[in-house]
Amino acid sequence: MALQSLDIIRRSATTTPPPGVRQTEKLAKLIDISKCIGCKACQVACMEWNDTRDAIGHNHGVLDDPMDLTENSWTVMRYSEVETDRGLEWLIRKDGCMHCADPGCLKACPAPGAIVQYSNGIVDFHEENCIGCGYCITGCPFNIPRLSKKDSKVYKCTLCADRVAVGLEPACVKTCPTGAIVFGTKEKMIQHAEERLVDLKERGYAHAGLYNPKGVGGTHVMYVLPHADAPSLYHGLPDEPKIDFWVAFWKGAAKPIGNWLLGLVAFAAFLHYITVGPNEADEANDKEPEHAGGKP
Amino acid sequence: MTNHWVDIKNANVIIVMGGNAAEAHPCGFKWVTEAKAHNQAKFIVIDPRFTRSASVADLYAPLRTGTDIAFLGGVINYLLSHDKIQHEYVKAYTNASFIVADGYKFGEGLFSGYDEATRTYDRSSWAYEIGPDGYAKIDETMQNRRCVLQLLKSHYSRYTPETVSGICGTPKETFLKVCELIATTSVPNRTLTFMYALGWTQHSVGSQMIRTAAMVQLLLGNVGMAGGGVNALRGHSNIQGLTDLGLLSDLLPGYLTLPRENETDYQAYIAKRALKPLRPGQMSYWQNYGKFHVSLMKAWYGANATTGNNWCYDWLPKLDKVYDVLQVFELMAQGKLNGYVCQGFNPLGSIPNKAKLIKAMSQLKYLVVIDPLATETSCFWENHGDYNDVDPAKIATEVIRLPSTCFAEENGSLTNSGRWLQWHYKGAPPPGDAKPDADIIAGIFLKLRELYRKEGGAFPDPILNLTWDYAIPHAPAPEELAREYNGKALADLTDPKDPTKVLMKRGQLLDGFAQLRDDGSTSCGCWLYSGAWTEKGNMMARRDNYDPSGLGSTLNWAFAWPANRRVLYNRASCDLQGRPWDPNRKLVYWDGIKWTGADVPDFKPDSAPAEGMSPFIMQPEGVGRLFALDKMAEGPFPEHYEPFETPIATNPLHPRVISNPAARVFRDDLAAFGTSKEYPYAATTYRVTEHFHFWTKHTLLSSILQPEQFVEIGEELAKEKGIRAGDLVKVWSKRGFIKAKAVVTKRIKPLKVNGTTVYHVGIPIHWGFKGIARDGYLANTLTPFVGDANTQTPEFKSFLVNIEKA
């Protein structure tokens, strides 16, 4: 359900124009990997605020738990042990929705209003409109949305759209003990990141950088990466994420062609109707086939 | 902490060693990230494992568990041999120039005075040479070969980088890099801070590890400085408070000490503790011991404590020995102790060698457990298969469980690591019949008193005469208890200089411990906490974070003991003339008339620098001790001793004295130590950030984050043993076994030690047979029953195990 319908700027599978009387500032969450200690407090805060709980699982030979994003865990910590020119590094990344400016999930979604984008940049799922087709999962370049087997709806981080709507920071930001997660206008977050990059470069991370990938129009969740030249070191963070060609094509370039084709078909049908007239059924064709119900 | 959490942001170099602050203290760790982000601090982690702290460190140095003294001894040697010490500070503010008495010796791993039969030292030779004037002799040139500096140099000259590397397994270059970074703080305006926790305390030489760090800090001139100090990160929200109020069995509140059984004479008891200055013009603040002691006895016994009965001195227990937890469970195992009250404590998980504990508790007549949770201890008699394989039919112990409230279900104060007493308020009513601990203890006390009244007893006086004037006797309010420990005037207190002037009216709450008297006119439940609740109100509830100096010295936020002081020994942050060593970090300074500044001066406020009083006012000699005199059980200089279970079966420094010669070992436990032949791997226990001790396995969120018991091993050991990540493995020591999932990691590397390769096995605690996380084994099934020679804190951090795929 839209808590802020006034602020919706894009709506899946919808052609009517968005409301236009109000514009909000672009917001962003910045995750500074160089300050993150992988304490999982953000995972707890996320579950607490959203009242979701995964089942108690198992240890799988790593510290990650739950092992993957689920319909109940909208953020998880990913731990990577990597040997770099600095020796062993333990890279810890908080994974979750990146809130792309150009969201592949929204583009892919065929259910009207199941995915919306607010003018502040948040991409939100409105599960009551979700038809469970899973196209958003295909459409996401970061492999984030998760389909619940229980209710056939797809779930992911909302960037605490409900908290943000009333002027609060997301729950994970509020709880982060080391200040590794910060939140504010996208502009300020970029400034904050630049300050951090100065410090990281002084410490010898020559390739430190901000992860705000162009391929998805930039994101409203960004990372400060000590090794920005190789994002995939961080548990497979895409080096150059972009919306899948076929999703982009199908919902992009193909869509006007499709519409045009649809129009053509309708026109042809109309032409057929006025030139040939309607089909009329005769009784013989209405009879049930004799072998109906029998084995072929 | 000598300093406090916020002060970490002022450091230039931060060392986490003997702890894992990011993992175990994530909230306080924000000050490390702050120091890095805004003070360009360099952050070093020294640990057997590449920890969560190491993941954000500038430099990580591996070392073998239990070898921290070798490492830090090597640092001392480096600082002395490279002349990287703060000379003026060392000369004036430490005992470097003091002459040590002739009898003191060290050789072959032993100090003078050792008695092998009792495993103790006669410490009388660990002393200063005293001149005819009664003062300790010093040599200002520090050239005398018997002066502390020279003895120190000679003692640590053996700790060369090669020796350090050979013992610790730290690559020599890495060790030297650490030394270089540490040495950058020997200049007056740079500081290093040490952050440690149980990774130092839980060794048979734990206290000496901490002392070695303190010595490094004295040599660098970093004690008393903003961003300096030796900082203990406490493991429970109020364990500092518990310590302050007398945690150890031989302590009274405020670090006053219980008399020993030979101390039957009250005056001698006080005189032994009210130490006279050992140098001219020194404060020797413990001279006030009598004031603190008498005020405590007045708080306990009120009008019954009089000068005539030596303030009820005869009612105090006189110890024949220290009753630490190891001693208590030893007595229990011997059947000599048959009732046990266990409050907020889960010894079955928290004391070593579970098998011994089960045996001991099975012999009790009764066990009372006061706890909010159904602990393993309270269920020790239940059979839980392999996890707790006991036969309930054979255990006759009566177990009484008294449910208590959690901190959030009551008002009260918590004392944090930085010595801040912070008041908190009840957030929710307790469930069921749970009661605050104070109510439970009050109930037991009132019942006992009734029984003594009715039936008498061998020694009823201390019970019958205890002051118990709470508004609701069976429910003392936290506010009442707080005012009791703050203290009050029992009569009008007049100015000693002008008896017509009344400073405090009878009944008024005191402003601080400076007002305490030894004539019975004041009462105070804990002198260090005096000032926490004054006539102005509850100082602990203050929440003004105004910080004019920018140093985090928020004097109107809560109350810090002692006297609201934020950095201990802060007089040492100034030179001899009273000017701050670092003009940019002015904690205190002499303004020409008095000591003043951003912090409460830790000094006599009107003592001009020219008077020559030294900064360490609690010490009779006024200076920091590089040479510890007779204060430590195993010697005045820390020496590297191997863990009692050592993977190298020798001590490369002195093969004939391998482990701490003064550590107390009970005979049966000696037999339960394993050797490296049968148990080749160095094991260490620790916490993970997702859990808090044995509590959070009872909560859903923490159990989701870390659901199942695991152990951590390096890839190399895993390969050797054919263990893959996620396999179930069996880990066993001479005392028992556990089974857990294997986490195989690059973060635990094999170390080259004394010509062999040492592998570590990391064993997180947290799991047990109660709670909602997956059942697991109590990690203390494996750990050895031996403790630090001074505190008896068990050696949980270094022992031996074997491992195989289950």
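Helices and strands here are DSSP runs, with a strand needing at least two residues, and they are numbered from the N terminus. Keep in mind as you look around that this is a predicted model.

Let's start in chain A, at strand S3, which covers residues 76-84 and includes A:Glu83. Is A:Glu83 buried or exposed? A residue counts as exposed if 12 or fewer other C-beta atoms lie within 10 Å of its own. A:Glu83 has 9 other C-beta atoms within 10 Å, so A:Glu83 is exposed. Now find A:Leu233: 150 residues separate it from A:Glu83 in sequence, yet from C-alpha to C-alpha the two are 9.8 Å apart in space.

From there, move to where the two chains meet. Chain A puts 31 residues in contact with 35 residues of chain B. On the chain A side, two elements give two or more residues each: helix H1 (41-50) and strand S4 (87-95). H1(A) gives the most, with four residues. As for chemistry, the chain A side is a mix of 13 nonpolar, 10 polar and eight charged residues.

Over in chain B, it helps to think in domains. Domain 1 spans 6-235, domain 2 is made of two segments, 325-407 and 432-464, and domain 3 runs over 667-805. How far apart are the C-alpha centres of domain 2 and domain 3 of chain B? They lie 27 Å apart. The contact between these domains draws on 19 residues from domain 2 of chain B and 22 residues from domain 3 of chain B. If you look at the domain 2 side, helix H14 (347-350) and helix H15 (354-362) of chain B each supply at least two residues to it. That side of domain 2 of chain B splits into nine nonpolar, seven polar and three charged residues.

Last stop: the barrel in chain B. Six strands close up in the order S26-S32-S27-S29-S28-S33, and their pairing is mixed. Going from one strand to the next, the twist averages 45°. As a bit of background, strands of a sheet pair through backbone hydrogen bonds, and they can do so either parallel or antiparallel. For a worked case, take strand S26 (residues 681-686) and strand S33 (residues 799-805) of chain B. These two pair in the antiparallel sense, over three bridges. To see the pairing residue by residue, pick out B:Ala683, which stands opposite B:Phe799 in S33(B).

Note on methods:
Residues are numbered from 1 along each chain as its sequence is written. Chains are lettered from A and ligands numbered from 1 in the order in which they are written. This is a predicted model: local features need pLDDT of at least 70, side-chain atom pairs count only at pLDDT 80 or more; totals for chains, interfaces and linings use all residues. Two strands pair if DSSP finds at least two bridges between them. Axes are lines fitted to C-alpha atoms, for helices over the stretch in contact, and angles run from 0 to 180 degrees between N-to-C directions. Domain bounds come from an automatic or database domain assignment. Two residues are in contact if their C-beta atoms, placed from the backbone, lie within 7 Å. Ala, Val, Leu, Ile, Met, Phe, Trp, Tyr, Cys and Pro count as nonpolar, Asp, Glu, Lys and Arg as charged, and the others, Gly among them, as polar. A residue is buried if 20 or more other C-beta atoms lie within 10 Å of its own, exposed if 12 or fewer, and partly exposed in between; C-beta atoms are placed from the backbone.
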